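Here are a few notes to help you find your way around this one. Have the structure open while you read.

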Amino acid sequence: MNAQAPHGATLGADIRALRKARGLTLTEIAVRLDRSVGWLSQVERDMSEPSISDLRQIAECLGVPMSMLFAHSAVPVEEQGYVVRAGSRRPMGSGEEGLIEELLSPDLTDDFEMVHSTFEPHSKMQTPANRPTQEVGYMISGQLDLTIGSRQFTVGPGDSFRIKHEPYHWANPYNAPAVAIWVIAPPVY
């Protein structure tokens, strides 16, 4: 087995996990990509390697940034699927709202994902989210204003919170960044 095989395994497994989390079939994605179901199945089973153009289209179909689908060649084979080094976290989201997110989980094949979130000073969520997820957050530093359902909270270092199938909104109107660890089930990125 060559050193590239584990990368492909992670990529294919991540694509499958994202597709399933969105309730999409192989056929639905294949039609959107103008590709065969067989080809997509081979990608998910790491028997075929998609091109950059394919990855761009797959990311668009799954509603994730393309960076989520890039493998990291710097990860030693024996650590793949087990360890995520601080400098090797996969970035998620666009960062447009002042939220910088990095995947802490080794891949997206678990029943949950773990995310490192940094909320820049004076940033806020533009549109409230309402996802079919359960989310738990733990504040490492800074303060964050949260609206969960109709309730409002300010959380700081050492505080934790849960969002369970409710609309929510966050804001960091403060002068310092806020850093939180989020666990989201099922994975959404």
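1. Let's start at a small detail: right after helix 3, Asp 46 has a positive phi of about 65°. Helix 3 itself covers residues 37-44, and its buried residues are Trp 39, Leu 40, Ser 41, Val 43 and Glu 44.

2. Keep in mind that this is a predicted model. The average pLDDT of the protein is 86, and 90% of the residues reach at least 70. Residues 1-9 are another matter: their pLDDT is below 50, and the stretch makes 9 contacts in the model beyond near neighbours in sequence. Where pLDDT is low, the predicted coordinates should not be read in detail.

3. Now the overall layout. There are 4 helices and 10 strands in the protein. Going from the N terminus, you meet the four α elements and then the β elements.

4. How are the strands of the open sheet ordered? The 6 strands go 1-2-3-10-5-8, with antiparallel pairing. Strand 1 (90-92) and strand 8 (160-164) sit at the edges, each pairing on one side only. From one strand to the next, the twist averages 25°.

5. Take a look at one edge of that sheet. Strand 1 runs antiparallel to strand 2 (residues 99-103), and 3 bridges join them. Within this pair, Pro 91 has Glu 102 of strand 2 as its bridge partner.

6. Some totals to finish. The protein has 189 residues, and 42% of them count as buried. Its accessible surface is about 10000 Å², with 52% of that belonging to carbon and sulfur atoms. Among contacts between residues at least 6 apart in sequence, 62% join residues at least 24 apart.

Terms used: Residues are numbered from 1 along each chain as its sequence is written. This is a predicted model: local features need pLDDT of at least 70, side-chain atom pairs count only at pLDDT 80 or more; totals for chains, interfaces and linings use all residues. Side-chain values use heavy atoms; hydrogens and water are left out. Two strands pair if DSSP finds at least two bridges between them. Helices (H or I, at least four residues) and strands (E, at least two) are DSSP runs, numbered from the N terminus. Axes are lines fitted to C-alpha atoms, for helices over the stretch in contact, and angles run from 0 to 180 degrees between N-to-C directions. pLDDT is the predictor's confidence in each residue, from 0 to 100. Contact means heavy atoms within 4.5 Å. Buried means under 20% relative accessible area, exposed over 50%, partly exposed in between (1.4 Å probe, protein chains only). Accessible areas come from the Shrake-Rupley method with a 1.4 Å probe; for residues, only the protein chains shown count as cover.
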